[in-house]
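Subject: Handover of a structure and notes on its contents

Dear colleague,

Please find below the structure that I am passing on to you. My notes on what was found in it follow directly after.

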Amino acid sequence: MPRLPDPDTIHPIILPDGTAHTGTVFLANVIDQPNFTVGAYSYASSHSAPETPQGWAARLAPYLYPFSQETLRIGRFCQIAHGVRFITASANHAHQGPSTFPFEVFDLANSTVPQPDMRDTEVGHDVWLGMDAIVLPGARIGNGVIVGAGAVVGGTVPAYTVVAGNPARVLRRRFSDADTALMQRLAWWHWPADHIARHMQVIQHGSPAVLAACAP
């Protein structure tokens, strides 16, 4: 019977020689920052993985610090390719006045100036982020979105769309309005693991209507 990989493992891909592919990790098991959360089965891959699994947080979101005021939330079953970066709100400078120079960051212990940008960044479930994509502060990426390689994504991306470019634009919708609404209701990523495993082929290759017939 088909089965899903152990969601509690760090390296879920086992090569033919029996060794783990260290360039791919289940992120929920290596991210330990309270303002960076990732759902089960979401993975990241890299051709030059961090020296330690815990280095993935800084690799993916280099400006998200433990003291940052914003959050980065990634849903379940997301696929994050090599080179993807989340440029979170802590990277932004105040720009309302004559200068954008961040004087306060050089005296954090005594700074009383609030972080100029505190927008959260959110990625839905079953999102595929292509190689070298950049996600900007405050982006809201809906469920089932495909982000093209090298895209620069900001704002709100509707569920089940394909986006690409700089700035990223919607190239096409993956499903009709009715099927998109059905997929949102089905939320297969929350099904029991054994049920997902039993219906992997339908989840991957079937239509929304066929998937609905398999719902638990």
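**Aromatic residues**

Tyrosine 41 counts as buried, because its relative accessibility is 10%. Please bear in mind throughout that the model is a predicted one. Phenylalanine 26 is likewise to be classed as buried, since its relative accessibility is 5%.

A search of the whole structure gives 8 aromatic pairs. In one of them, the ring centres of phenylalanine 26 and tyrosine 41 are 5.8 Å apart and the ring planes stand at 85°, so this pair is edge-to-face. The pair joins distant parts of the chain, with phenylalanine 26 in strand β1 (residues 24-26) and tyrosine 41 in the loop between β2 (36-38) and β3 (43-45), 15 residues apart. Both rings belong to one aromatic cluster, formed by Phe26, Tyr41, Phe77, Trp188 and Trp189.

**Nonpolar cores**

In soluble globular proteins, nonpolar side chains tend to be buried together. In the present model, the largest nonpolar core has 31 residues, and those touching the most other members are Leu27, Phe36, Ile74, Ile80, Phe86, Leu129 and Ile141. Two or more residues of this core are given by each of β2, α1 (56-60) and β4 (72-74). Helix α1 provides the largest share, with 3 residues. Another core, of 18 residues, lies apart from this one, and its members include Phe77, Ala187, Ala197 and Cys214. Phe77 was named above as part of the aromatic cluster as well.

Isoleucine 141 deserves a separate entry. When its neighbours within four places in sequence are left aside, isoleucine 141 is in contact with Glu122, Val123, Gly124, Val127, Leu129, Val135, Val153 and Val157. Leu129 is, like Ile141, among the core residues that touch the most other members.

**A buried glycine**

Glycine 130 is located in the loop between β8 (128-129) and β9 (134-135). This glycine is classed as buried because its relative accessible area is 7%, and the cut-off for buried is under 20%. Its contacts, again without neighbours within four places in sequence, are Ala81, Val84, Val147, Gly148 and Ala149. For alanine 149, the C-alpha atom is 4.3 Å from that of glycine 130, although 19 residues separate the two in sequence.

**Salt bridges**

How many salt bridges does the count come to? The total is 5.

One of them joins aspartate 120 to arginine 73, with the closest N and O atoms 3.6 Å apart. Aspartate 120 sits in the loop between β6 and β7 and arginine 73 in strand β4, so that distant parts of the chain, 47 residues apart, are linked. Aspartate 120 is partly exposed at 22% relative accessibility, and arginine 73 is partly exposed at 30%.

A further salt bridge is formed by arginine 140 and glutamate 122, whose closest N and O atoms are 3.8 Å apart. Here, too, distant parts of the chain are linked: arginine 140 is in strand β10 (residues 140-141) and glutamate 122 in strand β7, 18 residues apart. Arginine 140 has a relative accessibility of 32% and therefore counts as partly exposed; glutamate 122 is partly exposed at 31%. Arg73, Asp120, Glu122 and Arg140 are linked in a network of salt bridges. Glu122 is also one of the contacts of isoleucine 141.

Arginine 173 and aspartate 177 form another salt bridge, and their closest N and O atoms are 2.1 Å apart. Arginine 173 is partly exposed, with a relative accessible area of 46%, whereas aspartate 177 counts as exposed at 58%.

**Strand β15 and the surface**

Arginine 172 belongs to strand β15 (residues 169-173). With a relative accessible area of 48%, arginine 172 is partly exposed. Beyond its neighbours within four places in sequence, arginine 172 is in contact with Thr161 and Val162. The C-alpha atoms of arginine 172 and glutamine 184 are separated by 18 Å, and the two residues are 12 apart along the chain.

Finally, there is a nonpolar patch on the surface, of about 880 Å², made by Tyr63, Tyr65, Phe67, Phe101, Phe103, Val105, Phe106 and Leu108. Of these, leucine 108 is placed in the loop between β6 (85-86) and β7 (121-123). Leucine 108 counts as exposed because its relative accessibility is 52%.

Yours sincerely

Definitions and conventions. Residues are numbered from 1 along each chain as its sequence is written. This is a predicted model: local features need pLDDT of at least 70, side-chain atom pairs count only at pLDDT 80 or more; totals for chains, interfaces and linings use all residues. Side-chain values use heavy atoms; hydrogens and water are left out. Patches are made of residues with over 30% relative accessible area and no salt bridge: like charges are joined within 9 Å, nonpolar side chains (Val, Leu, Ile, Met, Phe, Trp, Tyr) within 5 Å. Accessible areas come from the Shrake-Rupley method with a 1.4 Å probe; for residues, only the protein chains shown count as cover. A salt bridge is a side-chain nitrogen of Lys or Arg within 4 Å of a carboxyl oxygen of Asp or Glu. Helices (H or I, at least four residues) and strands (E, at least two) are DSSP runs, numbered from the N terminus. Buried means under 20% relative accessible area, exposed over 50%, partly exposed in between (1.4 Å probe, protein chains only). Rings of Phe, Tyr and Trp (its six-membered ring) pair if their centres lie within 6.5 Å; planes under 30 degrees apart count as stacked, over 60 as edge-to-face and the rest as tilted. A nonpolar core is a set of buried Ala, Val, Leu, Ile, Met, Phe, Trp, Tyr and Cys residues joined through side-chain atoms within 4.5 Å. Contact means heavy atoms within 4.5 Å.
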